Amino acid sequence: MGWSLNLGTIAGTTVRVHFTFLLLLVWIWLTHYQIGGAPAAWEGVAFIVAVFACVVLHEFGHIAAARYFGIATPDITLLPIGGVARLERMPEESRQEFVIAVAGPLVNVAIAALIFVLLGGSAGFSQMAGIEDPHTSFFARLAGVNIFLVLFNMIPAFPMDGGRILRAALAARLSWSRATQVAATIGQGLAFVLGFVGLFYSPLLIFTGIFVYLAAAAEAQNALMREMATSVLVGDVMITEFIRLERSATLDEAVEMLLATTQHEFPVIDSAGHFDGLVTRDDMIRALKEKGPAASVANAIRTDIPKIHYRKRLEEGLRLMRNANVPAVAVMDNADRLVGLITYENIGEMLMVRSAVPGAFRFGHLRRGKPHSAQI
């Protein structure tokens, strides 16, 4: 995720914090300073840091459960609204998703119970409910926050854990895609309720409602993509008409092609015609500023682009793009020659066509013609 700072790696998972979280700390410091001066301000910041430490532990609950099923988690990003753990792949069974989803809230239950025991059972409900009151016990408020996190995350809407638990329960009787659609629809309904209530009580609820609605829509689209990717070949959806650049081409020539076409990524080939890498629009502009228009495109080339055979499943191509965090994957034929590209944009177009023509891309429907490309 962009605009995030790397805090380090814990047990193989990179922990990042989004810059908006730092803005939250500044806001907390200022609001608490107005209440009780510098001591209250720093205590407020310490409390928020403690809350997000609990959020990190919550996410590592998910991570521990995911690793039990052989699913790696490359990173966690902390946002003002919580944490986001990125799984290397989605669980293969509804039981696995249920266990992974419920593991996070269980960590918060354990934290709240531990604090309650350490306080000798003296923390009452009123103390734990006074989360925003800086005069209430620090640890009592922290226990209250963990209880709130459990209740909030159990809301049956994406991206909360409750939405994934609901999908896992529905997937026991429905297909994964259908279960996701139903859970997403329920989540979007709850998002409207949150937004409506927020009109009368809190703008934060309106923001939360918008976030939940968009997250539910994105989850539904991802599920549809996942379903299609298992039954579609890379060769059925790859881009076959595109401009290729030779390694000897200049940045000036590349820019001419950028302006003359709708392409954002240009594959580069060597003198023997083999795939050498990819030049993206952003890399091209950066190299143009640093090296000038007469420089070779080799100054802007990305060599970390994965390759895949055109007869492989699209599911594998998507996995390569996600794991390598690249904008495209090069598609090769039996002779290891470049015959196409797959990008998130053309996969999105596939989704739109599939929605308009049910059954498209199954069993070779709507297959593209022979690969064709231009070259400079």
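A residue counts as buried under 20% relative accessible area, as exposed over 50%, and as partly exposed in between. The exercises below concern a predicted model.

**Exercise 1.** Determine which class of exposure R319 belongs to, and describe the salt bridge that R319 forms with E316.

*Solution.* Step 1: the relative accessibility of R319 is 35%, so R319 is partly exposed. Step 2: E316, with a relative accessible area of 28%, is likewise partly exposed. Step 3: the closest N and O atoms of the pair are 3.9 Å apart. Step 4: both residues belong to helix 11 (residues 314-324), where a spacing of 3 residues amounts to about one turn.

**Exercise 2.** Characterise the salt bridge between D283 and R286.

*Solution.* Step 1: the N to O distance is 3.8 Å. Step 2: the two residues are 3 residues apart in helix 10, and therefore about one helical turn separates them. Step 3: D283 is buried at 16% relative accessibility, whereas R286 is partly exposed at 35%. Step 4: a network of salt bridges links D283 and R286 with E290.

**Exercise 3.** Establish where K307 and D336 lie in the chain, given that they form a salt bridge.

*Solution.* Step 1: their closest N and O atoms are 3.6 Å apart. Step 2: K307 is in strand 8 (residues 307-309), while D336 is in the loop between strand 9 (328-332) and strand 10 (338-343). Step 3: with their positions 29 residues apart, the pair links distant parts of the chain.

**Exercise 4.** Classify the packing of helix 9 against helix 10.

*Solution.* Step 1: the helices pack at an angle of about 140 degrees, with axes 10 Å apart. Step 2: helix 9 is therefore oblique to helix 10. Step 3: the crossing is left-handed.

Methods:
Residues are numbered from 1 along each chain as its sequence is written. This is a predicted model: local features need pLDDT of at least 70, side-chain atom pairs count only at pLDDT 80 or more; totals for chains, interfaces and linings use all residues. Side-chain values use heavy atoms; hydrogens and water are left out. Axes are lines fitted to C-alpha atoms, for helices over the stretch in contact, and angles run from 0 to 180 degrees between N-to-C directions. Helices (H or I, at least four residues) and strands (E, at least two) are DSSP runs, numbered from the N terminus. Angles under 35 degrees count as roughly parallel, over 145 as roughly antiparallel, 65 to 115 as roughly perpendicular and the rest as oblique. A crossing is left-handed if the near helix is turned anticlockwise from the far one by less than a right angle, and right-handed if clockwise. A salt bridge is a side-chain nitrogen of Lys or Arg within 4 Å of a carboxyl oxygen of Asp or Glu. Buried means under 20% relative accessible area, exposed over 50%, partly exposed in between (1.4 Å probe, protein chains only).
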